[in-house]
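Please open the model in your viewer and keep the sequence panel visible. The tour below proceeds by selection.

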Amino acid sequence: MDRSVTLKPPDQKKSPSRADRSGSGRTGRTILLCTAAIVVLLLVSALLYGVVGYQKIYPNVFTEEGTALGGLTQPEAVKALGGEVDVFEGQSIALSVGEHQAVFTAQEVGATLLEDATAAKAYEQGRTGSFFSRLAFVATCLFTRHTVNPEEEFYIDQNAVYDKVKELAGQVDVPAIPYTWEMAQDRIEVKAAQIGRQIDQSALTSLIVAQFAACDFSPLSYEPIAVTPEAFPTDQIYDEIFVEPKPAYLDVSDKQNPQIMPHVVGVSFDKGLVEQRLGEGGDFIIRLVYTQPDITQQKLEASLFKDVLSTFTTSLSGSSSARVNNITLAAQFMNGTILLPGETFSYNESVGERTEARGFKGAGAYLNGRLVDEIGGGICQLSSTTYNTALLANLEIVKRQSHSMLVGYVPLGQDATVNWGTIDFQFKNVKNYPMQVVSFVKDGKVTVTLMGSKEDDHVVVMERDVLSSTPHGVKTTVNDAMAPGSSKVVEKGHNGASVQTYRVVKDGAGNQLSRKAEAKSVYRMSDELVVVGPSTTPTVAPTPDPTDTPEPSSPSPSVPDPTTEPDPTWDPAASPSPTPPTPPAEP
């Protein structure tokens, strides 16, 4: 079967080729890109012009009140701001200071908006900072609103504010009234101080200016500063009126004419009571306190040297005339010595140096256990007598040294040796009154008395413990020139002893108040030396033991011991205590 195919004749319109279509597309895009580039270029140029060459306030800049400043020059902006409502018009701040009132109007303090400053601030927006930050601000101005904050752009005449505050202070301020006082005979009359008040003018001025600047016109209350008066000068007044009480005393600067100096009455007041009264407020009176010293002039005059505090006597029996001379002379030098309270008596200073020129003579004294003549020998009996007098008066012993060997004119352990320049005897007046030393030689005895003012009925009794006692031996030497059977004592012997003395204080009724160790004294033993004539009966000397070798003795230093001749019958165990006699009225 034959099939026939009919062909549709072709369309007479010719379709564009692919090459033709691609060429026309590129042309369109090029035009679009060029257009965009031109727009961007114009935009950038506009921005650059805005950053570099624009001489007006950038668009979209307004004040807080809504005044448009964008696109205006600064002079135009000033004019525009002049038309704005004045925020200070008719405004004021009412001030209360206690019961006082004052009103500060904006007009009188010159509170105004600074148009020039606001316009200048608006113009500066976008013209500070880096180039890119400025560029960004210019770009945002096209779409975003910017506000100029005029908070700090006000003018307030601070001097005007201060002047009005000062005027107000003249009405409010009250000066503080200080304490005043007036001296009377026995008191101080004090007028109370008053607290003042005061406006801190600078601070209040700043406070008002700040409130105007914040556009805050609400009432203002201010509390004045309390002005406290100076504190009452308690210490200063006390120092001015204070007088320390002083007892009357004996002035012995002129030893030939001692004078009683008057006492001083003390003056003071109770500081604690004053502080209490200050805390209570109001006027008050300070009572003065007058203090009489323990020893007034009248009391001292009535009691000066009227009492025998103590007295002690030792015997000069058996003493050579030279020895008696030395003791008598030393007693005369010491007699009349006045000792003020707290002063220390020195035997060497009171008696002075023992020299022939002063009348002292050579008398017995010990040197290395031998009796020798020494200028002033024997005066240790006076120092020992004085020592016992000081003990019985219950005085403080400052310096005392016992003899190297026993003496018989004072109780055992109660002697005091002296030597010019090396050994002194001293005691201190611990009483409240002066005392005077009375010393003299009479009827073969030497007496030392302390005159003063008796302040109690105490009695001193000396006690002792003999810690050890060593009897002396006898050494005999034959002298063929002496008659057979005869003997002579060349050197008296001395027993050795160690003694501890005690000071016992009793009241007037005999009750013991105290018992204290006073001094320990050690005395060395010295054998008696006897020379005898030849014996009528021959004697055979013993044959020495070759093993018995005596030990050499150490020589004693050659220092004179001014101890005088001791009593060879002295027994340290017995230790007699001579009873002190009462001194005569006129020694």
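Select phenylalanine 427 first: its relative accessibility is 1%, so it counts as buried (under 20% relative accessible area, with over 50% exposed and partly exposed in between, for a 1.4 Å probe and protein chains only). The model is predicted: local features need pLDDT of at least 70, side-chain atom pairs count only at pLDDT 80 or more, and totals for chains, interfaces and linings use all residues. Residues are numbered from 1 along each chain as its sequence is written, and side-chain values use heavy atoms, with hydrogens and water left out.

Next, add phenylalanine 425, which is buried at a relative accessible area of 0%.

Now turn to the aromatic pairs, of which the structure holds 13 (rings of Phe, Tyr and Trp, the last by its six-membered ring, with centres within 6.5 Å; planes under 30 degrees apart are stacked, over 60 edge-to-face, the rest tilted). Select tyrosine 58 and phenylalanine 137: their ring centres are 6.0 Å apart and their planes stand at 65 degrees, so this pair is edge-to-face. Tyrosine 58 lies in the loop between helix H1 (18-52) and strand S1 (61-63), whereas phenylalanine 137 belongs to helix H4 (residues 131-141), 79 residues apart. Helices (H or I, at least four residues) and strands (E, at least two) are DSSP runs, numbered from the N terminus. Both tyrosine 58 and phenylalanine 137 are buried. Returning to phenylalanine 425 and phenylalanine 427, one finds a tilted pair, 6.0 Å centre to centre with 40 degrees between the planes.

Finally, select Tyr179, Trp181, Phe232 and Phe284, which form one aromatic cluster.
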